[in-house]
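Please open the structure in a viewer and keep the sequence panel visible. The stops below give a selection to make at each point, followed by an account of what is found there.

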Amino acid sequence: MTTAPPQEASAPPPQLDRFSYDDAIVRKFLCASVVWGLVGMLVGLIAALQLAAPVFNSLGLSGNWTQIFSFGRLRPLHTNAVIFAFAGNGIFAAIYYSSQRLLKARMFSDRLSKVHFWGWQAIILSAALTLPLGYTQGKEYAELEWPIDIAITVVWVVFAINFFGTLKVRRERHLYVAIWFYIATIIAIAVLHIFNNIPGIAGPLKSYSVYAGSQDAFMQWWYGHNAVAFFLTTPFLGLMYYFLPKAAGRPVFSYKLSILHFWSLVFIYIWAGPHHLHYTAIPEWASTLGMLFSVILWMPSWGGMLNGLLTLRGAWDRVARDPVLKFFVVGVTFYGMSTFEGPLLSIKAVNGLSHYTDWTIAHVHAGALGWVGFMVFGMAYWLMPRLYQTSGMARPKWVDWHFWLATIGILVYVVAIYAAGLTQGLMWRAFDADGMLEYGDFMQTVTVLIPMYWIRVVGGGMYLVGAVLALCNMYLTWKRRPTQYQEKVYQAPPLSPGFSEPDSHIAPRFRPSLNALAVVLIGLGVVLLIPYLGYGGGSPESGRLLLYFGLSSIGFGLLLGLGRTLAFWQSMAWHRRWEARPLRFTVWVVVAVVSASLFEIIPTFAIESNVKTISAVKPYTPLELYGRDIYLAEGCYNCHSQMVRPLHFETERFGEYSKSGEFVYDHPFQWGSRRIGPDLHRVGTRLTSASWHVRHFEDPRITSQTSIMPAYAHLLDEEVPFEVIPSRMRAMKRIGVPYSDDEVDQAAESARAQGRQLEARIKTEVGPEEAGGYSGIGSRKVIALTAYMLRLGTDTQGFAAEAAAPQGTR
């Protein structure tokens, strides 16, 4: 008699966790995004009107109110509101909504979510109050003063703890592609913000950058370019990878393409910043390296664009009917346009034409309003019915109207400003038959743009009307919400502590195939390229040899290891393992971001020949230093540059080109990024009349009839607070400016003495009949700013004898 084998007891079903998602925090961030977006765009429209007609600088107000609403103070408010308030809140809404669903877990802490939300709104409100009042660091996209910077750091850490804590308690083992981009955003922004905003504190709302001149310029555009990369690109790509497939009801086109897209962006983007500084006083190797990586960046960027658009395969018929998909398609298309144009503008020949013109402004707005704006609004319209638990939008037709207003508006805007930029660039470099500048008066190159500026007002106004429709539609949809939101409960098995899938189920382990010879060849190539990039390779012949042998050595080393690794990389199996291990994944993101940064930053600071000092260059006098602070507070860097590039048409117009050694005491640098006023680096050698500057600040139309610059008449009435100058000089001394203790102690009296000298000089220039009108002006703020203007460009005597060859400094 046989007996049946005993039946194995089946394993009990895993215990299911019950959980719900925190959609309240998403509602808060989404509402804040739309509201702040409207504010930022309204301020942008006012700024556009001020350029088309300077009368709008006063907004019909009088007294000290006029300075608060001048273009130089409103433009930073506009950029910060659109980037950090509109886009920032949109990012957080996307991350909080999608992460919970992708990880099958509620956010790690509801309390941290609330701290994050209210902390971020407090930061935005602080910016809205301080920037119009003139409290600024004077660095584009990093204007906020040190207490607000500290608050940003704290709130970002709270956000990071909440996000990574959610990764820890997730119930989905593998990380979806959107999560990768969120991780990169959190890591990179933390690194960028901290290292670009190290302050030399001079007071409660006053600080100076610890970096100076060329090195500060490098750090600022390392930050500025990568803030675009990791605040306006990677999180919105995460948004695209989640919300576009959701809206289309289709899976992402290619998993492998998303991997290539992600890691290429994370590693390559961080190198590209120096292309903003072509032909300036940074080492040529740095800007060239930035250009090379920018051009390479075009390929992975378009890979992401194609991955997004091809996700709609089989669903293109829905695009014509679904306004949400229309917003996403136009947004992704603008991403493709912007990421083609960016590498194009990084090429030196093109950059020589486009830099400092409105072409850059058009490029930025195509990205910020075309890519970011359309993605935020598309996501908002998809989320609103789900968050407010309604059957749909309150006014579906308004969504279509918003789409067409925004699309036509942004096209009108960018076409007009592209035309303005090309007009500027071509007029600046035009010479007549006698070899003279055809448009010698800089204002000729400004007044011709006014019609295009009015067209920009029309386009921007249309975009703003669309945003108003969105806010009204959101309010009406919110009013249709149920009396009490239903909180749906979900179930999923937990990830057991210590549990890990067998590696064979995830991916075969990687066996490194680069043998010792390959490693040696690659290392040799890098060693050969370093002196070529850092020093220009000496003579042209030796430079070409270093470049040839360096690239050849690296190429042979890579080929040696290519064959055995091809199958492994093609399978992307290694990445599947990383996706199950968030800590390892995050570490590699940190390695990519930090290593790429250090490869550029360390040589810039460590190699002394990158900044050739000039003994004739001395620190600013106490009065000039305070005048420079006024220059920052009034936002003059938004319209003027202080960098004469070594291009014939620039040296003919503005004088001798700028050298790196002239900026060693400039904390922060003030090279600017656009010119709707002339370059000022040599203004002290070209406009030597102190009375001219005073009249110009009182009313620019007195000295330049067609000027669009706002008036600064308040500077003629406000007294210089001489008592604050010593503390500012002490702060500068702490960060390396060689002021002596005696100079600091006597700073106030020294500033008063220089003010009296300038007052006497002005009275002599205007003559006895007008001299009475300038009595007491030596203690007014206008005299400090005038002292700074008269100093600019006057320190270069004797430079030819000390550093005749510019080759290592350009």
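**The whole chain**

Of the 810 residues in the protein chain, 59% are buried; buried means under 20% relative accessible area, exposed means over 50%, and partly exposed lies in between, with a 1.4 Å probe and protein chains only. The model is a predicted one, in which local features need pLDDT of at least 70 and side-chain atom pairs count only at pLDDT 80 or more, while totals for chains, interfaces and linings use all residues. Residues are numbered from 1 along each chain as its sequence is written, and side-chain values use heavy atoms, with hydrogens and water left out.

Colour the chain by secondary structure to display 33 helices and four strands. Helices (H or I, at least four residues) and strands (E, at least two) are DSSP runs, numbered from the N terminus. Among contacts between residues at least 6 apart in sequence, 82% join residues at least 24 apart; a contact means heavy atoms within 4.5 Å.

**Two loop residues with positive phi**

Select K104, in the loop between α3 (71-103) and α4 (110-130). K104 is not a glycine, yet its phi is positive, at about 55 degrees. Its relative accessibility is 33%, so K104 counts as partly exposed.

Next, select Y141, in the loop between α4 and α5 (146-168). Y141 is likewise not a glycine and has a positive phi, of about 65 degrees. With a relative accessible area of 15%, Y141 is buried.

**Helix α9**

Select residues 255-268, which form helix α9. The expected span of a helix is 1.5 Å times one less than its number of residues. The 14 residues of α9 should therefore span 20 Å, and the end C-alpha atoms are indeed 20 Å apart.

Add S254 to the selection: this residue caps the N-terminal end of α9, with a side-chain oxygen 3.0 Å from the backbone nitrogen of L257. Within α9, the buried residues include W263, F262 and H261.

**Helix α12**

Move to helix α12, residues 323-346, and select L325, which is placed in this helix. L325 is buried, its relative accessible area being 0%. Leaving aside neighbours within four places in sequence, L325 contacts L244, A247, A248, L312, R318 and V319. Show G378 as well: L325 and G378 are 53 residues apart in sequence, but their C-alpha atoms are 7.1 Å apart.

In the same helix, select F340. F340 has a relative accessible area of 42% and is partly exposed. Not counting residues up to four places away in sequence, F340 touches W298 and W302. The C-alpha atoms of F340 and V295 are separated by 8.8 Å, with their positions 45 residues apart along the chain.

**A cis peptide bond**

Centre the view on H667 and P668, which are joined by a cis peptide bond with omega of about 0 degrees. P668 belongs to the loop between α24 (648-654) and α25.

**Helix α26 and the second largest pocket**

Select helix α26, residues 690-698, where A690, S691, H693, V694, H696 and F697 are buried. What do the buried residues of α26 pack against? They pack against α25 (683-686), α27 (700-703), α30 (747-766) and α32 (781-791).

Now display the second largest pocket, which holds about 680 Å³ of space. On a 1 Å grid over the protein atoms alone, a pocket is an open set of points with protein on both sides within 12 Å along at least five of seven lines, a cavity is a set of points where a 1.4 Å probe fits but cannot get out, and lining residues have an atom within 4 Å of a point. Grid points are joined across faces, edges and corners, and a volume is the space filled by probe spheres set on the points.

This pocket is lined by 36 residues, with H640, G677, P678, L680 and H696 nearest its centre. The elements giving two or more residues to the lining are α3, α24, α25, α26 and α32. The largest share, four residues, comes from α26. The lining of this pocket divides into 22 nonpolar, 10 polar and four charged residues; Ala, Val, Leu, Ile, Met, Phe, Trp, Tyr, Cys and Pro count as nonpolar, Asp, Glu, Lys and Arg as charged, and the others, Gly among them, as polar.

**The second largest cavity**

Five cavities of 30 Å³ or more are found in the whole structure. Finish by selecting Y620, E662, H681, G793 and D795, the residues nearest the centre of the second largest cavity, which 14 residues line. About 140 Å³ of space lies in this cavity. Its lining residues comprise five nonpolar, four polar and five charged.

Note on methods
A polar contact is a pair of N or O atoms within 3.5 Å; within protein, one must be able to donate a hydrogen and the other to accept it, and residues adjacent in sequence count only if both atoms are side-chain atoms.
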